[in-house]
Amino acid sequence: MKTQHIGSIWGMYVRPVARGSGLSRKLLATIIEEVGTTLRSLRLCVVSSNQAAIRLYKSMGFEEWAVEVEALKVDDGYHDELLMRLEIGPR
């Protein structure tokens with residue numbers, strides 16, 4: 001009940017062959033349209049080095065609101081994640 005106003009996009013993946021085709025933008029636009037104004041906030045995390053995804057999310061209105069330092073460990077390396085959100089519903 002306390003967080004029902006928040007939606008989360010847990011993951012999004014487009015195969016390399018389809019990248020640059022606009023599919024990612026269409027998927028994200030469909031998600032945003034589907035939730036409409038039933039949520040106040042739609043949130044996601046993205047690895048800070050994934051500049052293509054960050055550009056897409058920003059172009060769709062998502063804003064960075066926090067950084068989780070060393071959120072992921074892959075082999076011997078750590079990766080930060082940007083926490084992003086889109087305010088879509090009534091305040």
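A strand here is a DSSP run of E with at least two residues, and strands are numbered from the N terminus. With that in hand, welcome to a tour of a predicted model.

**View 1. Gly-7 sits in strand β1.** Strand β1 covers residues 6-9, and Gly-7 is part of it. Is this glycine buried or exposed? Buried means under 20% relative accessible area. Gly-7 is at 10% relative accessibility, so it counts as buried. Now look for its partners beyond four places in sequence: Gly-7 is in contact with Leu-39, Ser-41, Leu-42 and Arg-43. Val-35 is a further landmark, 28 residues from Gly-7 along the chain, and their C-alpha atoms are separated by 8.4 Å.

**View 2. The whole chain has two helices and four strands.** Step back for a moment and trace the chain from its N terminus: the elements follow the order β-α-β-α-β-β. The C-alpha trace spans about 40 × 35 × 20 Å along its principal axes. Of the 91 residues in the protein chain, 26% are buried. The chain also brings together parts that lie apart in sequence. Take the contacts between residues at least 6 apart in sequence: 61% of them join residues at least 24 apart.

**View 3. Eighteen residues make up the largest nonpolar core.** Which residues have the most contacts inside this core? They are Leu-28, Leu-42, Val-46, Tyr-57 and Phe-62. Elements that each supply at least two residues of the core are α1, β2, α2 and β4, the last of which covers residues 77-87. Helix α2 gives the largest share, with four residues. Keep an eye on Leu-28 as you explore. Setting aside residues up to four places away in sequence, Leu-28 touches Ile-9, Leu-56, Tyr-57, Met-60 and Phe-62.

**View 4. The largest pocket holds about 680 Å³ of space.** The pocket is lined by 25 residues, and the closest to its centre are Met-12, Val-46, Asn-50, Ala-53 and Tyr-57. Two of these names may look familiar, as Val-46 and Tyr-57 also appear among the residues with the most contacts inside the core. Which elements each give at least two residues to the lining? They are α1 (23-35), β2 (41-47) and α2 (51-59). By type, the lining divides into 16 nonpolar residues, six polar and three charged.

**View 5. Trp-10 lies in the loop between β1 and α1.** Is Trp-10 buried or exposed? Its relative accessibility is 85%, and exposed means over 50%. Trp-10 therefore counts as exposed. To find a partner for comparison, move along the chain to Val-46, which is 36 residues from Trp-10 in sequence. In space, the two are 9.7 Å apart, C-alpha to C-alpha.

**View 6. Thr-37 lies in the loop between α1 and β2.** Thr-37 counts as exposed because its relative accessibility is 58%, and exposed means over 50%. Which residues does Thr-37 contact, leaving aside neighbours within four places in sequence? The answer is Ile-88, Gly-89 and Pro-90. Glu-87 is another landmark here: it is 50 residues from Thr-37 along the chain, with 9.4 Å between their C-alpha atoms.

**View 7. Strands β3 and β4 form a hairpin.** Strand β3 runs over residues 63-74 and pairs with β4 in the antiparallel sense, over eight bridges. To line up the two strands by eye, start at Ala-66, which stands opposite Leu-83 in β4. Two residues lie between the strands of the hairpin. Asp-75 is found in this loop between β3 and β4. Although Asp-75 is not a glycine, its phi is positive, at about 55 degrees. Asp-75 is exposed, with a relative accessible area of 70%.

**View 8. Glu-70 in strand β3 has a positive phi.** How many degrees is the phi of Glu-70? It is about 50 degrees, although Glu-70 is not a glycine. This glutamate is found in strand β3, whereas Asp-75 is found in the loop between β3 and β4. Glu-70 is at 49% relative accessibility, so it counts as partly exposed; that label covers the range between under 20% and over 50%.

Technical notes:
Residues numbered from 1 in each chain as written. Predicted model: local features only at pLDDT ≥ 70, side-chain atom pairs only at ≥ 80, totals over all residues. Heavy atoms only, no water. 1 Å grid on protein atoms, 1.4 Å probe; cavity = no way out; pocket = protein on both sides within 12 Å on 5 of 7 lines; lining within 4 Å. Points joined across faces, edges and corners; volume = space filled by probe spheres on them. Nonpolar A, V, L, I, M, F, W, Y, C, P; charged D, E, K, R; others polar. Core = buried A, V, L, I, M, F, W, Y, C linked by side-chain atoms within 4.5 Å. Buried < 20%, exposed > 50% of the residue type's maximum accessible area, 1.4 Å probe, protein only. Contact = heavy atoms within 4.5 Å. Pairing = 2+ DSSP bridges.
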